[in-house]
Amino acid sequence: MDTQKGKIGVTTENIFPVIKKFLYSDHEIFLRELVSNAVDATQKLRTLSSFGEFKGELGDMKVKVSVDADAGTLTVSDHGIGMTAEDIDKYINQIAFSGAEEFLEKYKDNANAIIGHFGLGFYSAFMVAKKVEIRSLSYKEGAEAVRWECDGSPEFTMEKTDKAERGTDIILHIDDENKNFLQQSEIDSLLRKYCRFLPVPVVSGKEQEWKDGKMVDTDRDKVVNDTEPTWTKKPADLTDEDYRNFYHQLYPGQEDPLFWIHLNVDYPFTLTGVLFFPKIKNNFEVNKNRIQLYCNQVYVTDSVEGVVPDFMMLLQGVIDSPDIPLNVSRSYLQSDTAVKKISGYITKKVASRLEEIFKADRQDFENKWDDIRIFIQYGMLTDEKFCEAAMKFCLVKDTEGKFYTLEEYRTLIEGQQTDKDGNVVYLYTTDRVAQYAYIHAATEKGYDVLVMDGQLDSHFIGMLESKIEKSRFVRVDSDVVENLIPKSDRKAADLTPLQRDMMSTLFKCQIPKVEKAEFIVSFEALNADANPVMITQNEYMRRMKDMAAMQ
Ligand code: ADP
Ligand code: MG
């Protein structure tokens, strides 16, 4: 073949400055793009081989990323299908440019916001390189090795070369602003981020070992990825230990997860993954955004907003789907029907798994309840479908530490805690210490009191009240409780000396007088020794005050 010179097929005057400018904020993704191309080329050859269309030896199929700081180059090599001069013309010279051009045309107004998630593929190399070379030998019989070179202008050179091994080397001549990509440590961390679970072994740098008191390079290539991550395996082949190990691999230094869910669906969309329930500490905002999104084992992002419902962001783990359109803006993602389906599927799956765990081992579920309640409550408050499903396994806990489902609890209190309008009255405490006397008084009467002291409980109570027919939630220190308690005939004269003392002190403090409308002091129906006096608060007034405080 003679040396060819030609002009890259693009109408835009020069697309390289555009690529550099727009991709600047996320330019490290060039490595993901080049390594995933190498992986694709390797997988393609494997496929051809399995169909008998390639009869040669596959040989060593590792992808290699090598740094040559002295030469100023970074090379990604594979032993995949390779490219002929025609292939390069078709796939590199034409398609990519028109693809990029089309893309920029379509999104020119907000390219900056979305381009980070859009792989411009091969051409993203020009974000960090002043010159890019391709050296390739196709798997096709009688193919000639070819070298392509482009220096960041729309001009390229293509010529015959002497590459003997099948496959492709992509050689980046790193530009001055991006010298950091010539450090092995930088490349290691990028490979760790983007290529950790690629399906083909990727090697970069050398394994190290201790020798004479320090770490030294061995001559063994260092494999940077796990080609068969847990989510790609069958659940039946995995033990609890495997899931836990995978969790710690993803999130080193964390406590064991409480539960996990293995996702696996291939119709109407493809999705696999493992989601973990971490111990959610009270301040749950900081725990968001820890699910990692992959596309065919290539890391894409850990910002899954829009892909999973908001409350699922409290979970951790991996979702892998080629069906999530990643080259679009977040607002588009939220309205995309495929994504909606995916999000709906995950919700359903998480709910049914929780129900399954609840049914299989209720004791275990109860033991973990305090750690997962915030997740379940948040889900129920924000997602109608999840709420419906979770009504079956959502638990409430009373002051004795007993757990009930909502249905069980209703049955428990129905007969004995009813107000004059026939509503079933759910008593609850928000502070077991401060409201101790009221709890004591209520339980003495044979009433049950729920503990509702969580971060979301005040919202949750409102939600339950609207969901459960004829229900009324009343704080244990409200006057409603007083009305449930049958009044005894005690008169002031029957008060104990202690109660009388308290009465006069309270009057001195003007409590009944000043806040007459809001507080009711009562001495009746109480165990005079343990609780000589109670001050209850008008439920309606209290709620008004709480609401005013929230606004
Ligand atoms: P995409 O990967 O989305 O197709 P790219 O710009 O990354 O877009 O690559 C364009 C095309 O160039 C690929 O589809 C493939 O045909 C070819 N190509 C790129 N890198 C390689 C490689 N290492 N080996 C073989 N073909 C490659
Ligand atoms: Mg690509």
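Helix α2 contributes the largest share of the shell around ligand 1, namely four residues, in what is a predicted model. Two helices, α2 (29–50) and α3 (85–107), each supply at least two residues of this shell. Of the 14 residues around ligand 1, those that come nearest are Asn-37, Ala-41, Tyr-91, Gly-121 and Phe-122. By residue class, the shell around ligand 1 divides into eight nonpolar, four polar and two charged residues.

The packing of two helices from a later part of the chain was examined next. Helix α9, which spans residues 362–382, packs with helix α13, which spans residues 457–467, at an angle of about 50°, and the two axes lie 10 Å apart. Because the angle falls neither under 35 degrees nor within 65 to 115 degrees, nor over 145 degrees, it belongs to the remaining class, and α9 is therefore oblique to α13. The crossing of α9 and α13 is left-handed. On the side of α9 the contact is formed by Gln-377, Met-380 and Leu-381, which meet His-459, Phe-460 and Met-463 in α13. The residues of this contact of α9 with α13 divide into four nonpolar and two polar, with no charged residue.

Among the sheets, an open one of three strands has the order β18-β17-β19 and parallel pairing. Its edge strands, each of which pairs on one side only, are β18 (449–451) and β19 (471–475). Neighbouring strands of this sheet are turned by 40° against each other on average, when direction is ignored. Strand β17, comprising residues 424–429, is joined to β18 by three bridges, and the two strands run parallel. Within this pair, Thr-429 of the sheet stands opposite Val-451 in β18.

Strand β4 takes part in two pairings, both of which can be described by their bridges. With strand β7 (residues 167–174), strand β4 (residues 129–137) pairs in the antiparallel sense over eight bridges, and the bridge partner of Lys-131 in β7 is His-173. With strand β5 (residues 146–150), β4 again pairs in the antiparallel sense, here over five bridges, and the bridge partner of Ser-136 in β5 is Val-146. In a regular strand, the side chains alternate between the two faces of the sheet.

A further open sheet, this one of five strands, has the order β10-β11-β14-β12-β13 and mixed pairing. The edge strands of this sheet are β10 (259–265) and β13 (298–301), each pairing on one side only. From one strand to the next, the twist averages 20°. At one edge, β10 pairs in the antiparallel sense with strand β11 (residues 271–277) over seven bridges, and Trp-260 stands opposite Phe-276 in β11.

Two backbone features in loops of this region also deserve mention. Most residues other than glycine have a negative phi, and most peptide bonds are trans. Against this background, a cis peptide bond joins Tyr-267 and Pro-268, with omega about 0°, and Pro-268 is found in the loop between β10 and β11, the two strands that pair in the antiparallel sense over seven bridges. The second feature concerns Asn-296, which has a positive phi of about 50° although it is not a glycine. Asn-296 has its place in the loop between β12 (290–295) and β13, the latter being one of the edge strands of the five-stranded sheet.

Conventions: Residues numbered from 1 in each chain as written. Chains lettered and ligands numbered in written order. Predicted model: local features only at pLDDT ≥ 70, side-chain atom pairs only at ≥ 80, totals over all residues. Near = placed C-beta within 6 Å. Nonpolar A, V, L, I, M, F, W, Y, C, P; charged D, E, K, R; others polar. Axes fitted to C-alpha atoms, helices over the stretch in contact; angles between N-to-C directions. Left-handed = near helix turned anticlockwise from the far one by under 90°. Contact = placed C-beta atoms within 7 Å. Pairing = 2+ DSSP bridges.
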